[in-house]
Amino acid sequence: RSSSAPALAARPPSARFGFPSQLAPCASAQPATSATKMSGVTVADACVDKFNEIKMKKTLTYVVFKIENRKQIVVDCEGDKEKTYADFVAALPEGEPRYALVDVEYETDEGVKQNKLCFFFWSPDDKTTVKDRMIYASSKDAIKKKLVGVMKEVQANDPSELDFEEVKAVMKK
């Protein structure tokens with residue numbers, strides 16, 4: 001027995017356990033690819049500019065983004081500081097997915113007014129095509145990576161999920 005132990009140790013681990021010595025690497029062993037490579041959708045520089053404007057200058061209430069020609073995420077529309085959350089909801093198209101960044105103003109349980117940036121993924125299930133929903137879902141990480149520091153996210157597939165009380169509950173978490 002003692003003479004066979006050194007012989008086993010000299011063999012590669014894959015051979016010791018009866019595995020072929022030339023295994024293909026697992027897919028999970030490959031370096032992770034970014035969402036832009038997966039969906040092929042890129043983020044326009046104007047999206048980052050609007051993000052900086054809403055975050056740093058605080059001159060906007062919301063910015064809505066869309067995927068143009070299935071190739072690039074671009075700014076669709078925006079609302080200045082005079083606009084409200086209701087204006088943002090009204091700006092979302094009824095039958096098309098969108099991403100949005102909203103400066104949500106709410107009151108804490110202690111009665112303190114606060115503002116937080118929230119990322120919205122609007123994808124109405126019953127009125128969009130599967131292809132549109134898939135490209136938006138697979139490209140979401142691409143835009144989120146550009147929006148550094150946004151802590152809250154709301155995914156809404158139905159208008160009821162955009163109700164301000166629902167969003168306020170997310171903001172307070």
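Here is a friendly conversation about a predicted model of a protein chain.

Visitor: How many helices and strands does the secondary structure of the protein chain come to?
Guide: Happy to start there. Along the sequence, the elements follow the pattern α-α-α-β-α-β-β-α-β-β-α-β-α. In total, that comes to seven helices and six strands.

Visitor: What is the mean pLDDT of the protein chain?
Guide: Let's begin with a stretch to treat carefully: over residues 19-37 the pLDDT is below 50, and this stretch has 14 contacts in the model beyond near neighbours in sequence. Where pLDDT is low, predicted coordinates should not be read in detail. For the chain, 77% of the residues reach 70 or more, and the mean pLDDT is 83.

Visitor: Which strands are the edge strands of the open sheet?
Guide: The sheet has six strands with mixed pairing, in the order β1-β3-β2-β4-β5-β6. An edge strand pairs on one side only. That description fits β1 (42-43) and β6.

Visitor: Is β2 largely enclosed or largely open to the outside, and how many of its nine residues are buried?
Guide: In the strand order, β2 stands between β3 and β4. Helix α4 (residues 45-57) also lies across β2 (60-68), running at about 165° to that strand. The strand is largely enclosed by the rest of the structure because its buried residues number seven of the nine.

Visitor: How many bridges join β2 to β3?
Guide: These two strands form a hairpin with three residues between them, and Asn69 in the turn has a positive phi of about 55°. Glu68 has Gln72 in β3 as its bridge partner. The strands run antiparallel, and the number of bridges joining them is eight.

Visitor: And on the β4 side, which residue stands opposite Val63?
Guide: β2 and β4 run antiparallel, joined by four bridges. Across from Val63, in β4, you will find Leu101.

Visitor: Which residue in β6 is the bridge partner of Phe120?
Guide: Here the pairing is between β5 and β6, and it has the parallel sense, over five bridges. Phe120 has a partner in β6, and that partner is Val154.

Visitor: Where do the buried residues of α7 fall, seen down the axis of the helix?
Guide: The buried residues of helix α7 (residues 164-172) are Val167, Lys168 and Met171. Seen down the axis, they fall within an arc of 100°, so they line one face of the helix.

Visitor: Which elements do those buried residues of α7 pack against?
Guide: The helix lies across β4, β5 and β6, running at about 80° to β4. The packing partners of its buried residues include one helix besides those strands. The list is α5 (85-91), β4 (98-107), β5 (113-122) and β6 (152-156).

Visitor: Which residue caps the N-terminal end of α7?
Guide: Look for a side-chain oxygen that lies 3.2 Å from the backbone nitrogen of Glu165. The residue that carries this oxygen, and so caps the helix, is Asp163.

Visitor: Which backbone oxygen lies 2.7 Å from a polar atom of the side chain of Ser139?
Guide: Ser139 lies in helix α6 (residues 130-146). Its relative accessible area is 0%, so Ser139 is buried. The backbone oxygen at 2.7 Å from its side chain belongs to Ile135.

Visitor: Is Thr128 buried or exposed?
Guide: Thr128 lies in the loop between β5 and α6. Not counting residues up to four places away in sequence, Thr128 touches Gly95, Glu96, Pro97 and Arg133. Its side chain also reaches the backbone oxygen of Pro124 at 2.9 Å. Relative accessibility is 11%, and the cut-off for burial is under 20%, so Thr128 counts as buried.

Visitor: What about Asp126: buried or exposed?
Guide: Asp126 too has its place in the loop between β5 and α6. Its C-alpha atom is separated by 10.0 Å from that of Glu94, 32 residues apart along the chain. Exposure requires over 50%, and Asp126 has 63% relative accessibility, so this residue counts as exposed.

Visitor: What share of the 173 residues in the protein chain is buried?
Guide: Contacts give some background here: among those between residues at least 6 apart in sequence, 60% join residues at least 24 apart. Of the 173 residues, the buried share is 34%.

Notes: Residues numbered from 1 in each chain as written. Heavy atoms only, no water. Buried < 20%, exposed > 50% of the residue type's maximum accessible area, 1.4 Å probe, protein only. Polar contact = N/O pair within 3.5 Å; in protein donor to acceptor, adjacent residues only side chain to side chain. Arc of directions from axis to C-beta. Contact = heavy atoms within 4.5 Å. Pairing = 2+ DSSP bridges. Axes fitted to C-alpha atoms, helices over the stretch in contact; angles between N-to-C directions. pLDDT = per-residue confidence, 0-100.
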